[in-house]
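Here is a friendly walk through a structure, with an eye on how its helices meet. Have the viewer open as you read.

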Amino acid sequence: MYLTLKELRHDKLKFSALGLIIFLIVFLVLFITGLANGLANDSGSAIKETPAKTFILQKGSQARLNRSNLTEQDWQKFHSQYHNDAAKLSVAQMTIQKANNADKKTDITYFILDRSSFLAPTALKSQTDNHVYVSRKLEAEGYKKDDIFKDSSSGNTFKIAGFVNNESYSHAPVIYLNTHQAQNILPTSKQFNAIALKQKLAKNSKYQVISQQTLINNIPGYSTEQSSLYLMIGFLYLISLFVLAVFFYIINLQKISDFGTLKALGTKTSYLVQHVLTEMGLLSGIAILISFGITYLIKIKMPASMPFSLTLPTLLATGLLFLFIALLSALLSLIKVLKIDPINAIGGNN
Amino acid sequence: MSVLELQNIIKNYPDGQNVNEVLKNVSFHVEQGEFAAIIGPSGAGKSTLLTIMGALLSPSSGTVLLNNQDISHLSKKKQTEIRLNQIGFIFQNSDLIPYLKITEQLQFIQKISAKEPLNAKKLLQQLGLDHRLNSYPNALSGGEKQRVAIARAFINQPDLILADEPTASLDSKRGREVVKIIQKNVHQQNKAAVMVTHDERVLDLVDTIWQIEDGKLKKIKNH
Ligand SMILES: Nc1ncnc2c1ncn2[C@@H]1O[C@H](COP(=O)(O)OP(=O)(O)OP(=O)(O)O)[C@@H](O)[C@H]1O
Ligand SMILES: [Mg+2]
């Protein structure tokens with residue numbers, strides 16, 4: 001620690017530059033992670049935030065809600081067994097417009113549920129007539145409470161009774177309808193897409209039984225977005241491991257003769273290892289904390305239309321993982337330090 | 001009693017197919033309060049001999065007794081410990097740590113050692129470095145750096161001081177001053193010191209002179 005602090009004090013510029021590089025990388029990782037999470041929420045939060053663990057779909061529907069059709073008979077089977085732990089769900093991706101403005105249309109997703117089912121947000125229990133609850137995301141499109149909007153294809157109008165959280169499905173804000181309200185919009189309202197269950201269920205030979213996550217993974221666009229973003233994040237970690245290792249290595253290389261002298265004077269190798277690790281750890285730690293701060297500012301300032309989400313656990317986990325990567329890089333760069341022969345200090349060889 | 005005694009030291013370096021026999025059956029000793037010099041042509045093995053004395057290198061055969069303890073074949077870890085606590089080094093280029101201020105150069109040694117600390121500032125003042133205590137090494141002249149290196153060698157109160165051409169990078173006047181300082185401290189503190197040198201003009205300051213040639217060491221000036 002003694003050497004570390006003295007060295008950081010003396011070579012402020014060099015270490016600030018290194019800290020800046022670490023900061024930039026961590027910030028990029030955090031930013032992309034936030035974007036990936038944001039997009040994931042934007043794609044599947046309406047499903048993710050329900051307590052449903054299992055979804056029952058028609059056999060052969062390839063885990064896609066819009067390819068699945070279930071009937072009243074199917075419902076009876078599950079309802080009689082699971083009672084209120086089962087719920088009907090229909091999803092329809094449609095377009096709405098402001099009642100007095102035909103030019104501005106917005107893509108939305110209708111979630112059609114029984115008003116009393118466990119899938120319904122609490123506010124929905126009081127949803128009557130043509131009053132509907134909608135995702136807060138619609139606010140960004142200029143909709144306010146008590147606004148009236150028109151379903152573009154059927155021409156039915158609804159009044160916004162209130163906003164629920166940022167639920168969205170396949171990047172479109174969700175509008176909750178009860179079965180009764182949906183009748184005029186969807187002609188085949190006797191049928192529905194899926195049955196949600198609170199329980200975990202493994203298999204049923206007559207239906208396709210999938211977990212919540214599988215359903216989300218199969219929302220159009222979800223997997224491609226997520227896998228490409230996570231590929232980027234993965235590569236960023238890998239790149240930072242090597243970039244930092246090289247930087248640390250070069251910095252240690254400059255100090256080889258000092259390390260030789262220190263060893264000749266009787267400094268234990270373990271002390272030097274500790275010195276290098278503390279130095280890099282301290283530097284990375286500070287850089288990570290600063291990028292936490294900047295990311296937080298960005299999160300606040302980010303417009304609602306841009307999906308960005310970073311929870312505290314994700315933030316901390318990313319920071320820890322990065323600290324680990326930095327220390328691993330420092331360890332790689334230490335190979336040279338371990339090999340230095342103190343003998344070089346004698347004879348004026350350095 | 002000798003502080004350091006070398007008995008029948010042989011050191012070989014592999015040299016392609018052959019072996020390069022640098023030290024051929026060398027014996028040596030230095031007592032408390034004695035300042036010894038080793039001279040000899042370039043490539044004769046002076047530095048090699050000094051690294052063996054300083055527990056930096058193990059001889060091919062022979063015994064190295066430091067305070068009657070054989071240090072010739074210790075583990076690296078034990079060697080490091082011996083260097084820290086029993087030996088003080090003065091290197092040719094002074095080799096100060098660039099990011100430590102002058103007082104900190106000494107403080108650091110005291111930090112990593114368990115020995116009773118001396119007053120570092122006082123020691124530096126005695127060497128005429130009062131005005132340099134808070135400078136970094138790059139602000140010092142060659143002679144000043146070498147004086148700091150001397151202070152660093154003495155700060156941990158080692159029994160043995162080893163210096164490899166401490167005057168090589170200094171002009172003759174400064175070089176002589178530096179050797180005088182070493183001499184004074186060795187005598188005052190009753191230490192044993194070995195200095196390798198090319199500079200014949202400082203030899204009047206040492207107590208004993210040894211010459212190395214063709215791998216053989218012989219004493220050419222007695223106390
Ligand atoms: N690590 C090594 N491997 C092989 N040979 C070595 C090694 N170190 C020294 N030698 C050889 O040992 C001999 C003595 O080297 P040494 O450095 O001890 O000489 P020196 O007397 O200190 O010379 P100088 O006055 O030039 O410093 C030289 O021939 C040198 O080539
Ligand atoms: Mg030499």
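A helix crossing counts as left-handed if the near helix is turned anticlockwise from the far one by less than a right angle, and as right-handed if clockwise. With that in hand, α6(A) passes α9(A) in a right-handed crossing. Helices here are DSSP runs of H or I with at least four residues, strands are E runs of at least two, and both are numbered from the N terminus.

Some ground rules come next. This is a predicted model, in which local features need pLDDT of at least 70 and side-chain atom pairs count only at pLDDT 80 or more, while totals for chains, interfaces and linings use all residues. Residues are numbered from 1 along each chain as its sequence is written, chains are lettered from A and ligands numbered from 1 in the order in which they are written, and side-chain values use heavy atoms, with hydrogens and water left out.

Back to that helix pair. Helix α6 (residues 222-254) of chain A and helix α9 (residues 312-339) of chain A have axes that come within 8 Å and cross at roughly 40°. Axes are lines fitted to C-alpha atoms, for helices over the stretch in contact, and angles run from 0 to 180 degrees between N-to-C directions. The crossing makes α6(A) oblique to α9(A), given that under 35 degrees is roughly parallel, over 145 roughly antiparallel, 65 to 115 roughly perpendicular and the rest oblique. Contact means heavy atoms within 4.5 Å. Residues of α6(A) that meet α9(A) include A:Y237, A:L244 and A:F248, and their partners include A:L321, A:F322 and A:K336.

A second pair involves helix α1 (residues 2-10) and helix α8 (residues 269-301), both of chain A, which pack at an angle of about 50° with axes 8 Å apart. That makes α1(A) oblique to α8(A). The crossing of α1(A) past α8(A) is right-handed. Among the residues in this contact are A:Y2 and A:L5 of α1(A) and A:H275 and A:L282 of α8(A).

On the larger scale, chain A is divided into domain 1 (2-43 + 223-345) and domain 2 (54-199), with bounds from an automatic or database domain assignment. Their centres, taken over C-alpha atoms, are separated by 46 Å. Even so, 6 residues of domain 1 of chain A are in contact with 7 residues of domain 2 of chain A.

UniProt (unreviewed entry) places "transmembrane region" features at residues 20-40, 229-251, 271-298 and 310-335 of chain A. It also lists "domain: ABC3 transporter permease C-terminal" at residues 231-342 of chain A and "domain: ABC transporter" at residues 4-223 of chain B. UniProt positions follow the numbering used here, feature names are shortened, and annotations may be inferred rather than shown by experiment.

| Span | Helix | Strand | End C-alpha distance |
|---|---|---|---|
| Chain A, residues 231-342 | 84% | 0% | 44 Å |
| Chain A, residues 229-251 | 100% | 0% | 32 Å |
| Chain A, residues 310-335 | 92% | 0% | 36 Å |
| Chain B, residues 4-223 | 31% | 30% | 16 Å |
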